[in-house]
Amino acid sequence: MSLPFRTAAEVAAAIPMVVDHLAGDGLLAYPTETVYGLGSAPTVPALAALARLKGRSPDKPFLVLVSGREMAERWGLVLSASARALSDAFWPGPLTLVLPGGEGRLPDQLRGKEGGIAVRHTGHAAIARLVAALGYPLTSTSANRPGEPAAPGPERIGETFRDEIAAGALLVLDGGVLGNVPPSTLVDCTGPMPRMVREGAIPRAELRRAAGRLAP
């Protein structure tokens, strides 16, 4: 099933259906400020289903989207001085921060080898509105099979995941076709000094201009 998700009225109409779908550990395909994502509620069964859909190992974690720093902290995630400076400068937007914390609140399946959980305050206004309505972080990974390019829009998602959509396991939010935008920049903030993991939409030089010595 696909729901229109472009205008404010369409977003408002879609949110209750998405809330119900995710409450049953259903999966979601949705637009972001970078690429289309696949996601779920942050529960163990939903994460297992998302790993199967994506076709990747269950021990490879997914990032989560939040509606703001307050939500991240409410779910037990801890922001260092570097993480606060970077989030002040670039959230909402294509900056993912790996944060410690969340024990007992978020599944350990979301935790990477460094012990943190990758978090982004999405710059897509409609998805941020959805996440705020959910009241919990929305998991996220690019909407494609391993080795394939990320889907630019709902038509490609429909081709790739036709069976899952037909079975009602995957709900698609149609936000139109997205431009060719790089993935988010990824910074590990679990240690005493931030570490660049992936230089994406925000270059290292821009991080340093905004946060100085608190940037990687």
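**Exercise 1. Find which residues have the most contacts inside the largest nonpolar core, then follow one of them outward.**

Step 1. The largest nonpolar core has 67 residues, and Leu86, Ile157, Leu170 and Leu173 have the most contacts inside it. Such a core is a set of buried Ala, Val, Leu, Ile, Met, Phe, Trp, Tyr and Cys residues joined through side-chain atoms within 4.5 Å. Buried means under 20% relative accessible area, exposed over 50%, partly exposed in between (1.4 Å probe, protein chains only).

A quick note on what you're looking at: this is a predicted model, where local features need pLDDT of at least 70 and side-chain atom pairs count only at pLDDT 80 or more, while totals for chains, interfaces and linings use all residues. Residues are numbered from 1 along each chain as its sequence is written, and side-chain values use heavy atoms, leaving out hydrogens and water.

Step 2. Take Leu86. Setting aside residues up to four places away in sequence, its contacts (heavy atoms within 4.5 Å) include Trp91, Leu95, Leu97, Val187 and Leu207.

Step 3. Now zoom out to helix H4, residues 81-90, where Leu86 is buried along with Ser82, Ala83, Ala85, Ser87 and Phe90. Helices (H or I, at least four residues) and strands (E, at least two) are DSSP runs, numbered from the N terminus. The buried residues of H4 pack against helix H3 (69-74), S5, S9 and helix H8 (204-211).

**Exercise 2. Work out which strands pair with S7.**

Step 1. Start with S7 itself: four of its five residues are buried.

Step 2. Strand S3 (residues 37-39) pairs with S7 in the antiparallel sense over two bridges; pairing requires that DSSP finds at least two bridges between the strands. Here Leu38 sits opposite Thr141 of S7.

Step 3. Strand S4 (residues 63-66) is also antiparallel to S7, over three bridges. Leu65 has Leu138 of S7 as its bridge partner.

**Exercise 3. Is Ala143 buried or exposed, and what does Ala143 touch?**

Step 1. Locate Ala143 in the loop between S7 and helix H6 (154-160).

Step 2. Check the area: Ala143 has a relative accessible area of 2%, so this residue is buried.

Step 3. List the neighbours. Not counting residues up to four places away in sequence, Ala143 touches Tyr36, Gly37, Leu38, Ala150, Ala151, Ile157 and Phe161. One of these, Ile157, is among the residues with the most contacts inside the largest nonpolar core.
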